[in-house]
Amino acid sequence: MTFLPLIPATLLVAALATLPLYADGYCLSLSLSLLNYTVLATAWAMFSGPTRYVSLATVAFFGIGAYSVAVLGEVLPWPLVLLIAAAVGGAVALLVGLSTLRLSGVYFVVFTFGLAELIRQLVTWYEVNVTRALGRYVFVDVTQAQIYWQMLALATLVFLTGWLVGRSRLGFALRIIGDDETVAPHVGIDITIVKVALFALSAVFMTLAGAIMAPRWTYIDPAIAFNPMVSFQVLIMALLGGAGRLYGPLLGVIPLTLLFEFLIARFPNHFSIILGLVFLVIVYLVPNGVAGLTARRAAR
Amino acid sequence: MTRLLEISGLTRRFGGLVAVDGLSFGVAQGEIVGLLGPNGSGKTTALNLVSGALKPDAGTIMLDGRPIAGLRPDRIARLGLARTFQLVRVLGSMTCAENVVAGLAFRRPVLWGEAAARRAGALLDRVGLGGRGAMPADALTYIDQKRLELARGLALSPRILLLDEWLAGLNPSELQEGIALIRSLRAEGTTIVMVEHVMDAIRSLCDRCVVMNAGALIAEGPPAAVLADPAVISAYLGGDDA
Ligand SMILES: Nc1ncnc2c1ncn2[C@@H]1O[C@H](COP(=O)(O)OP(=O)(O)OP(=O)(O)O)[C@@H](O)[C@H]1O
Ligand SMILES: [Mg+2]
């Protein structure tokens, strides 16, 4: 009974997998963006939805993934590169989680933002002073279609994981923490372990997204890989869709990816300003996200 | 024969204020002990120290012969100590059944899935919320939220239960139901420490009372004797230097 949603989901994934067979380059590239933001926003909401800890570290992990590929892509077989990227992203998340998840509210937001900037500066410093070249070329022999299939697989995995976590004691513990962090330990929940585990799990998906997307650029530098705008975009997408449900972020990813794509093409110089306005409007008008709206309507 | 809970020399300071000052008392298996004292005398702080929400500055707490002072609250909960909160705390975004499952899913042994749902249903019946499992917890009235919080505590199958003014704010008929509910817990052998201001409840439920004033213990004994103690009376009448 509870496995019922898996059937339409499987059909959907199968249908999406055929896309590269007939789509043109532009359509494929747009779909890739959609998949990328779907992974990032869903992974973000996996941790931040139930705990309400707003993380701006998304791009830190994304960038770690991208750089793992830029450094190792040529030297090691691809699955191993992905594995190492995931391990590095997960390890950084564990470290960061253990040291910061005791922070609450605004301190956590600021810390995660600072973390992404710090990693970017460290990478920049290293490239300038050690390798003596700011940018790197990403030489991985992979077609756009292959990148697409990998991202589709990752998106499927993120949903499957989120679905399983939602049914597990781990996910339940996270919801309790989100509801009342004072009550949680008194029913026997080790809140630090739960939060760190979910933070790391979500970070691994973000890292893998960065790793899979990296070959698409052919050239990366710290400003591209660690662009803080990505963290904000992911945040706003998840908020618009509603971070309280697994499918929520997707409802924000689709319209906003298309909107951002349009805005970047039409108003490349004013993109940040418009992004800010979009942010304000969303937080003001749909505080619980689209998913929250529809759920409330259904409850009526 | 040592008692189930044994507290000795328990002390906690907040800056210059000594909220709990060398408190010592014990609770025997199956006993209901009332923890009394005027407002601000340190009762809630004492419960917070025992349940691990706060760390003591000094003193020992033994639960069934095991030192628990300074342990994390989740460890203490798993050792069999459950509590309610002075300001009722239910998990508002969840159903009543989920609130009770919260108490089942992380204790030892773990209860989860079908078994947890069944047990949660039984516990909701137990506290008088039968049939309301699917109801959102924040839709409950105040007394029913208190019942739900109690069910969540009982879900831990605690060896000892700490109630912080669980009967406060109830109207007279609710109060009678509440007293009957706690009495029925005693009949099942549950050991309880209850912070309480409601004298009727103290007289009819407690085997023994411990009275605090300004963080320190000022009297201990059967309810009738303790409530007649001049030191207790003057503390309640507001003498800081009683
Ligand atoms: N976290 C805290 N930080 C600073 N002071 C505190 C803290 N918690 C309690 N206190 C102080 O410690 C003293 C004891 O408070 P506590 O809440 O334990 O009293 P109480 O006996 O439970 O009172 P009441 O009957 O009003 O609930 C009070 O003076 C209170 O202001
Ligand atoms: Mg109190």
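Mentor: Let's start with a term: buried means under 20% relative accessible area, exposed means over 50%, and partly exposed is in between, using a 1.4 Å probe and protein chains only. Before you use it, note that this is a predicted model, where local features need pLDDT of at least 70, side-chain atom pairs count only at pLDDT 80 or more, and totals for chains, interfaces and linings use all residues. Residues are numbered from 1 along each chain as its sequence is written, chains are lettered from A and ligands numbered from 1 in the order written, and side-chain values use heavy atoms, with hydrogens and water left out.

Trainee: Why is B:Thr44 called partly exposed?

Mentor: B:Thr44 has 25% relative accessibility, so B:Thr44 counts as partly exposed.

Trainee: And what makes B:Gln86 partly exposed?

Mentor: Its relative accessible area is 33%, so B:Gln86 falls in that class too.

Trainee: What makes B:Thr44 and B:Gln86 donors of the magnesium ion, ligand 2?

Mentor: Donors are N, O and S atoms within 2.8 Å of the metal (3.2 Å for Na, K and Ca); water is not among the atoms, so sites may look incomplete. OG1 of B:Thr44 and OE1 of B:Gln86 lie 1.9 to 2.1 Å from the ion, so they qualify. B:Thr44 sits in helix α1 of chain B and B:Gln86 in the loop between β6 (81-83) and α3 (96-104), 42 residues apart. Helices (H or I, at least four residues) and strands (E, at least two) are DSSP runs, numbered from the N terminus.

Trainee: How do you know that B:Thr45 makes a polar contact with ligand 1?

Mentor: A polar contact is a pair of N or O atoms within 3.5 Å; within protein, one must be able to donate a hydrogen and the other to accept it, and residues adjacent in sequence count only if both atoms are side-chain atoms. An N or O atom in the B:Thr45 side chain is 2.5 Å from an oxygen of ligand 1, so the pair counts. A polar side-chain atom of B:Gln86 lies 2.8 Å from a ligand 1 oxygen, and a polar backbone atom of B:Ser41 is 3.2 Å from one.

Trainee: Why are β2 and β5 of chain B at the edges of the sheet?

Mentor: Two strands pair if DSSP finds at least two bridges between them. The open, antiparallel sheet runs β2-β1-β4-β5. β2 and β5 (66-67) each have a single partner strand, so one side of each lacks a neighbour in the sheet.

Trainee: What makes β4 and β5 of chain B a pair?

Mentor: Two bridges join them, so the definition is met. Across the strands, B:Leu63 stands opposite B:Arg66.
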